[in-house]
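Dear colleague,

Please find below the structure that I am handing over to you, followed by an account of what was found in it. I would be grateful if you could read the two side by side.

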Amino acid sequence: TLIMAGAIFIAVFNVRDSLNGFMDLLGQHYLADVMVTLNEPYRAAQVEREIVQIPGVDRVESWGMAQAEVLDEEDEVVTNLILFVPPDDTELLEPDLVVGRWLVPEDEKALVVSDSIWSEYPDFQLGDTLRVAFPGRRVEDWPVVGIFRFVDMVGDNIFGYGDYETISRLTNSAGEAISFRIVAQTQTLESQSELSQVVDEHLRQRGFKINNVEAGKVTRQQQAQSMNILVIFLLTMAVLTAVVGSIGLMGTMGMNVLERTREIGVMRAIGAVDGEIVKSVVVEGMMIGLISFAVAAVLSFPISFVLLRIISTAMMGTIMPLEITMMGFIIWLGVVIFLSAIASMWPARSASRLTIREVLAYE
């Protein structure tokens with residue numbers, strides 16, 4: 001029981017770090033301190049002028065967004081394509097590319113898409129093309145030059161990025177933007193939240209139709225909270241299992257003391273004091289705990305892999321890379337030593353109270 005509790009406990013820490021690491025990778029798509037999304041496209045220069053007037057704003061990037069359809073060879077719709085269109089010189093985007101490269105100025109009708117493309121096209125290879133149709137435009141083949149890791153958070157749609165000038169021309173939105181990403185002079189959660197409220201009020205007063213204004217750290221905190229609930233639940237189950245294991249160890253040590261009653265009597269007869277009797281039992285219990293730790297440490301690796309795969313597939317529709325952290329190993333080592341010592345103390349005290357006459361007469 002201690003082995004299983006330890007393996008699960010260590011695995012939960014590995015899964016927690018893997019989830020946090022993956023969320024940090026996703027955060028590379030949302031590096032802005034405050035993100036403003038409007039209900040409809042506006043002249044980018046006009047909105048930027050209004051935002052940079054707000055105290056605390058350092059700079060603003062204007063992003064476009066477009067929707068298109070991905071068609072098969074019979075011109076039947078396979079799925080929708082949602083494209084974010086950052087400026088060419090953006091500094092607020094660092095996607096985790098699985099294969100391929102990012103867009104370069106020479107690319108026009110080229111795409112970088114999320115790994116959810118493999119849900120619709122399991123055999124899709126880098127350099128293959130998608131048959132894309134924008135509203136009011138004819139179907140054209142767009143090569144995919146890069147695929148990045150991302151959670152399938154947009155339903156059955158494919159999420160990606162395209163060239164700003166090309167997409168703007170195809171959607172008749174040159175010089176317009178629907179999303180504005182703000183870099184602030186302060187980076188704390190409180191200051192970002194305050195700035196997001198100020199931006200929201202300022203733009204609404206100027207007549208802009210606001211869809212959402214959100215601080216970057218608020219988004220990350222909400223993601224972390226949902227993960228922490230799961231982690232706390234799993235840790236609670238592991239700790240409860242460890243408590244059951246320590247109770248089992250206490251029973252085992254109690255039986256050992258009973259079976260070694262004559263041995264303890266002989267030890268006392270030749271001069272062993274109470275402290276030596278207690279120490280021999282406690283050390284034996286702690287050695288059992290350390291052996292369970294060693295086996296649990298080995299078992300934690302496959303359990304971590306399986307647990308992460310189940311959670312990531314169920315919650316996010318993707319397989320996350322496993323990250324190993326030493327924190328789980330260190331904490332569990334301390335926990336198992338403590339539990340083993342506590343579980344051994346009662347049998348040890350019982351052994352130390354036995355008199356020489358009682359133990360030598362024990363049948």
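**Overall picture**

Of the 363 residues in the chain, 46% are buried. Please note that this is a predicted model. The secondary structure consists of 10 helices and 10 strands. Among the contacts with a separation of 6 or more, 80% join residues that stand 24 or more positions apart. The chain exposes about 18300 Å², and 58% of this area comes from carbon and sulfur atoms.

**Salt bridges**

The count of salt bridges in the model comes to 11. Three pairs and one network are described here.

One of the pairs is formed by Glu40 and Lys209, whose side chains meet at 4.0 Å, N to O. Glu40 belongs to strand 1 (residues 34-43) and Lys209 to the loop between helix 5 (189-205) and strand 10 (210-215), so this salt bridge ties together parts that are 169 residues apart in sequence. Glu40 has a relative accessibility of 33% and therefore counts as partly exposed. Lys209 is also partly exposed, because its relative accessible area is 46%.

A salt bridge also joins the side chains of Arg206 and Glu50, at 3.4 Å, N to O. Here too, distant parts of the chain are linked: Arg206 sits in the loop between helix 5 and strand 10, Glu50 sits in helix 2 (residues 44-52), and the two are 156 residues apart. Arg206 counts as partly exposed because its relative accessibility is 41%. Glu50, in turn, has a relative accessible area of 17% and is therefore buried.

In a further pair, the side chains of Lys109 and Glu140 meet at 2.4 Å, N to O, in a salt bridge. Lys109 is placed in the loop between strand 4 (97-100) and strand 5 (111-114), and Glu140 in strand 7 (residues 140-148), so the parts tied together are 31 residues apart in sequence. With a relative accessible area of 28%, Lys109 is partly exposed, while Glu140 is buried, with a value of 14%.

Beyond these pairs, Arg59, Glu61 and Glu91 are linked in a network of salt bridges.

**Patches on the surface**

A patch of negative charge on the surface gathers Glu73, Glu74, Glu76 and Asp141. Within this patch, Glu73 lies in the loop that runs between strand 2 (57-71) and strand 3 (77-85). Its relative accessibility is 64%, so Glu73 counts as exposed.

The surface also carries a nonpolar patch, formed by Phe301, Phe305, Val306, Ile310, Leu322 and Ile324, which together have about 540 Å² of accessible area. Phe301 is located in helix 8 (residues 274-316). Phe301 counts as partly exposed because its relative accessibility is 40%.

**Residues with a positive phi**

Two residues deserve a note on their backbone angles. Asp75 has a positive phi of about 60°, although Asp75 is not a glycine. Asp75 is placed in the loop between strand 2 and strand 3, the loop in which Glu73 also lies. With a relative accessible area of 45%, Asp75 is partly exposed.

Asn172, likewise a residue other than glycine, has a positive phi near 55°. The loop between helix 4 (164-170) and strand 9 (176-184) holds Asn172. Asn172 counts as exposed because its relative accessibility reaches 63%.

**A buried leucine**

Lastly, I draw your attention to Leu339, which is found in helix 9 (residues 326-352). Is Leu339 buried or exposed? Its relative accessibility is 16%, and Leu339 therefore counts as buried, the cut-off being under 20%. When residues up to four places away in sequence are left aside, Leu339 touches Ala242 and Ser246. Leu339 and Val243 are 96 residues apart in sequence, yet their C-alpha atoms are 7.8 Å apart in space.

Yours sincerely

Technical notes:
Residues are numbered from 1 along each chain as its sequence is written. This is a predicted model: local features need pLDDT of at least 70, side-chain atom pairs count only at pLDDT 80 or more; totals for chains, interfaces and linings use all residues. Side-chain values use heavy atoms; hydrogens and water are left out. Patches are made of residues with over 30% relative accessible area and no salt bridge: like charges are joined within 9 Å, nonpolar side chains (Val, Leu, Ile, Met, Phe, Trp, Tyr) within 5 Å. Accessible areas come from the Shrake-Rupley method with a 1.4 Å probe; for residues, only the protein chains shown count as cover. Lys and Arg count as positive and Asp and Glu as negative; His and the chain ends are not counted. The place of a charge is taken as NZ of Lys, CZ of Arg, CG of Asp or CD of Glu. Helices (H or I, at least four residues) and strands (E, at least two) are DSSP runs, numbered from the N terminus. Buried means under 20% relative accessible area, exposed over 50%, partly exposed in between (1.4 Å probe, protein chains only). Contact means heavy atoms within 4.5 Å.
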